[in-house]
Amino acid sequence: MSQQGSLACVGLGMMLGAHLSPRSRSHIEQADVVFVLVSDPLVELWVQEMRPDMRSLQPFYCEGTSRLTSYNAMVEAMLVEVRAGHRVCGVFYGHPGVFALVPHKAIQRAHEEGLAAHMEPGISAEDCLYADLGIDPGKYGCQHYEASQLMFYQRRIDPSAYLVLWQVGMAGDRSLARFSTGPAYRRLLVELLGRDYPLDHPVVAYEAATLPITAPRMDELRLSGLVEADLRLQTTLVFPPARPMQRNDEMLDRLAELDRLTRTAA
Amino acid sequence: MSNIIRFLESIGSAPALSPSQYAEAIAALDIGPAGKRALLDHDGAALNRLLEGRDELRCAVFAEDED
């Protein structure tokens with residue numbers, strides 16, 4: 001009798017040895033086939049120590065080829081094994097569902113084909129960012145955008161909230177075939193952000209620590225300095241609010257009236 | 001498991017080592033002097049070279065525009 005295949009996409013967290021949940025570790029240890037995509041070569045070696053037969057998804061990347069092509073190939077590689085009746089584990093750095101197209105698409109496609117698939121959360125770079133920078137996203141609100149998407153579409157930035165920009169190292173890449181862009185592209189990003197922030201507004205270039213022997217990157221820059229800054233694929237930009245929150249007096253008045261009517265009715 | 005990876009895993013899960021305890025733990029490891037030096041220097045790149053990990057690693061798994 002053939003076994004029904006399944007897919008579990010699990011998150012390793014960001015730091016080697018520090019963030020892996022017991023459930024995710026069990027999936028890694030018990031799966032028939034393990035695929036891995038992580039952000040640090042030592043972390044990949046760590047997974048390889050757990051599963052010497054693991055298959056890295058790195059070879060699917062190819063500079064000059066659309067990342068969408070690579071992502072679809074990664075999804076298909078996992079699903080081939082699921083269709084063959086294997087228990088497959090896709091291991092991704094951080095949280096497998098945060099800024100991660102491949103795990104979402106693999107699970108969606110598995111479900112469309114009637115195959116079992118689910119996701120186990122992990123500790124994401126976003127989670128590490130809140131801890132390392134001492135930010136509570138609830139304090140003023142917090143907007144997250146992929147940097148290129150912010151450039152490609154008409155978005156409304158609220159400068160009274162935190163702003164977090166992801167994948168800034170390749171901001172403005174329309175080809176999906178590069179892993180970095182340069183100062184000319186960032187100049188346009190700075191110009192765009194300059195509509196809502198002063199050019200000397202502080203911004204933190206953040207990179208979560210991936211090894212327990214290293215520290216996170218938390219470099220304070222100025223908005224204008226982003227053009228020439230060392231921004232990599234894994235760099236995230238964090239903008240503190242540029243102005244206080246504005247009270248919505250009209251809504252507060254309406255709420256007060258509602259409170260008054262509620263009290264009167266009671 | 002490689003002694004270096006095992007050590008990283010152990011301090012990742014239990015990081016409360018003072019600098020002197022960290023140095024003592026490294027001194028007690030059954031690894032060569034280059035590995036000990038890299039750990040004392042907190043040099044991940046040097047460890048990666050020693051363990052022959054990948055030179056370059058891509059990690060993007062997101063597309064800003066799927067269309």
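How are α2(A) and α1(B) oriented to each other? In this predicted model, helix α2 (residues 41-50) of chain A packs against α1(B) at an angle of about 100°, and the two axes sit 10 Å apart. Angles of 65 to 115 degrees count as roughly perpendicular, so α2(A) and α1(B) fall into that class. On the chain A side, the contact draws on A:L42, A:L45, A:W46 and A:E49, while α1(B) brings in B:I5, B:L8 and B:E9. Sorted by class, that makes five nonpolar and two charged residues, with no polar ones.

The helix α2(A) also meets α4(B). Here the axes come within 9 Å and cross at roughly 45°, and the two helices are therefore oblique to each other. A:P41, A:L42 and A:L45 of α2(A) make this contact with B:G44, B:L47, B:N48 and B:L51 of α4(B). The tally this time is five nonpolar and two polar residues, and no charged ones.

Zooming out to the whole interface, 27 residues of chain B are in contact with 38 residues of chain A. On the chain B side, the elements that supply two or more residues are α1 (3-13) and α4 (44-51). The top contributor there is α1(B), with seven residues. Taken by class, the side of chain B that touches chain A has 14 nonpolar, eight polar and five charged residues.

One residue of chain B deserves a closer look. Setting aside neighbours within four places in sequence, B:L8 is in contact with A:L42, and also with A:L16, A:G17, A:L211, A:P212 and A:I213. B:L8 turns up again in the largest nonpolar core, which has 90 residues; along with A:L7, A:M78, A:V91 and A:A106, B:L8 touches the most other members. Helix α3 (residues 67-83) of chain A provides the largest share of this core, namely six residues. Both domain 1 (6-123) and domain 2 (126-239) of chain A give residues to the core, so it lies between them.

Helix α3 of chain A also holds A:A77. A residue needs 20 or more other C-beta atoms within 10 Å to count as buried, and 12 or fewer to count as exposed; A:A77 has 18, so it is partly exposed. Along the chain, A:A77 and A:F35 are 42 residues apart, yet their C-alpha atoms are separated by 8.9 Å.

Key:
Residues are numbered from 1 along each chain as its sequence is written. Chains are lettered from A and ligands numbered from 1 in the order in which they are written. This is a predicted model: local features need pLDDT of at least 70, side-chain atom pairs count only at pLDDT 80 or more; totals for chains, interfaces and linings use all residues. A nonpolar core is a set of buried Ala, Val, Leu, Ile, Met, Phe, Trp, Tyr and Cys residues joined through C-beta atoms within 7 Å. Helices (H or I, at least four residues) and strands (E, at least two) are DSSP runs, numbered from the N terminus. Domain bounds come from an automatic or database domain assignment. Two residues are in contact if their C-beta atoms, placed from the backbone, lie within 7 Å. Ala, Val, Leu, Ile, Met, Phe, Trp, Tyr, Cys and Pro count as nonpolar, Asp, Glu, Lys and Arg as charged, and the others, Gly among them, as polar. Axes are lines fitted to C-alpha atoms, for helices over the stretch in contact, and angles run from 0 to 180 degrees between N-to-C directions. Angles under 35 degrees count as roughly parallel, over 145 as roughly antiparallel, 65 to 115 as roughly perpendicular and the rest as oblique.
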